[in-house]
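I opened this structure to see how the chain is built and what surrounds its ligand. My entries follow in the order in which I looked things up.

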Amino acid sequence: MEWNFRVIDNPSYKECDQLLKMSQRAFGVEAESIYFFRIFVDYGKIFATFNHDEPICVIQAIKNWNDIGNIQLVSCATHPNYQEKGVATFTHRKMLQQLKKEGARSIGVRVPPLHEAVIKILQEKLGFSVIKKLSNYYGMGEDRLYLEKIL
Ligand SMILES: CC(C)(COP(=O)(O)OP(=O)(O)OC[C@H]1O[C@@H](n2cnc3c(N)ncnc32)[C@H](O)[C@@H]1OP(=O)(O)O)[C@@H](O)C(=O)NCCC(=O)NCCS
């Protein structure tokens, strides 16, 4: 397998659609629409790993208006056929290197407290720390853990 990491800049509609469809396959019904995704592509940042021309992992990120130098990760998805092969870990590592080069100071992310896979990647493999619990963050009982890494 040949994995290539890319920062997505100026994608065509077709490329955009391909990335969104992959993300939707990984997330299922909770996936976002093209209206949000397109704005992330143009004004936030999309990091992706490809196997040849096929996107296999997508991470969405934004700059934090309240804390300059802080980046917030919004979503991460690995294509269902490529999960548990290290693709998300690879993509995060490459993204962290890229963000550091661009002068980012810290990276934050919210994860469901029982999402073992993503917590393992962030804590054990990438050195993020749990900073706080966000109770009822997305509604009653929809708690999240806030994790952060200083670059
Ligand atoms: C979470 C997700 C991004 C992980 O992607 P991935 O490419 O499979 O992750 P990696 O292969 O880099 O996995 C890193 C570690 O987590 C483990 N892991 C991955 N998926 C797992 C799962 N479903 N259950 C248990 N462990 C899992 C891997 O085994 C690996 O550990 P190891 O190296 O010690 O074996 C992917 O499962 C996904 O897209 N899920 C749906 C969307 C989602 O939930 N996104 C996160 C929102 S917070």
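**Entry 1, the chain.** I began with the order of elements, which from the N terminus on reads β-α-α-β-β-β-α-β-α-β-β. The protein chain therefore has 4 helices and 7 strands under the DSSP run rule. I note here that this is a predicted model.

**Entry 2, overall dimensions.** I looked up the radius of gyration of the protein chain, and it is 15 Å. The globule rule gives 15 Å for 151 residues, so the chain is as compact as a globular protein of that length. Along the principal axes, the C-alpha atoms fill a box of roughly 40 × 35 × 30 Å.

**Entry 3, burial and contacts.** I checked how much of the chain is buried: 28% of the 151 residues count as such. I then took the contacts with a separation of 6 or more, and residues 24 or more positions apart account for 57% of them.

**Entry 4, the core.** Which residues touch the most other members of the largest nonpolar core? I found Ile 46, Val 58 and Ile 59, out of 31 residues in that core. Strand S3, residues 54-63, gives the most to this core, with 5 residues. I wrote down a general point beside this: in soluble globular proteins, nonpolar side chains tend to be buried together.

**Entry 5, Ile 46.** I listed what Ile 46 touches, leaving out residues up to four places away in sequence. The list holds Ile 8, Leu 19, Phe 40, Val 41, Val 58 and Gln 60. Val 58 is also one of the core residues that touch the most other members.

**Entry 6, around the ligand.** I turned to the 20 residues around the ligand, where Thr 78, Gln 83, Ala 88, Thr 89 and Ala 117 come nearest. Two or more residues of the shell come from each of helix H1 (13-27), strand S4 (70-78), helix H3 (87-101) and helix H4 (116-125). Helix H4 gives the most, with 5 residues. I sorted the shell by class and got 11 nonpolar, 5 polar and 4 charged residues.

**Entry 7, Gln 123.** Last, I picked one residue of helix H4, Gln 123. Is Gln 123 buried, exposed or partly exposed? Gln 123 has 16 other C-beta atoms within 10 Å, so it is partly exposed; a buried residue would need 20 or more, and an exposed one would have 12 or fewer. I also compared its position with that of Gln 83: Gln 123 and Gln 83 are 40 residues apart in sequence and 18 Å apart in space, C-alpha to C-alpha.

Terms used:
Residues numbered from 1 in each chain as written. Predicted model: local features only at pLDDT ≥ 70, side-chain atom pairs only at ≥ 80, totals over all residues. Near = placed C-beta within 6 Å. Nonpolar A, V, L, I, M, F, W, Y, C, P; charged D, E, K, R; others polar. Core = buried A, V, L, I, M, F, W, Y, C linked by C-beta atoms within 7 Å. Contact = placed C-beta atoms within 7 Å. Rg over C-alpha atoms; globule rule 2.2 N^0.38 Å.
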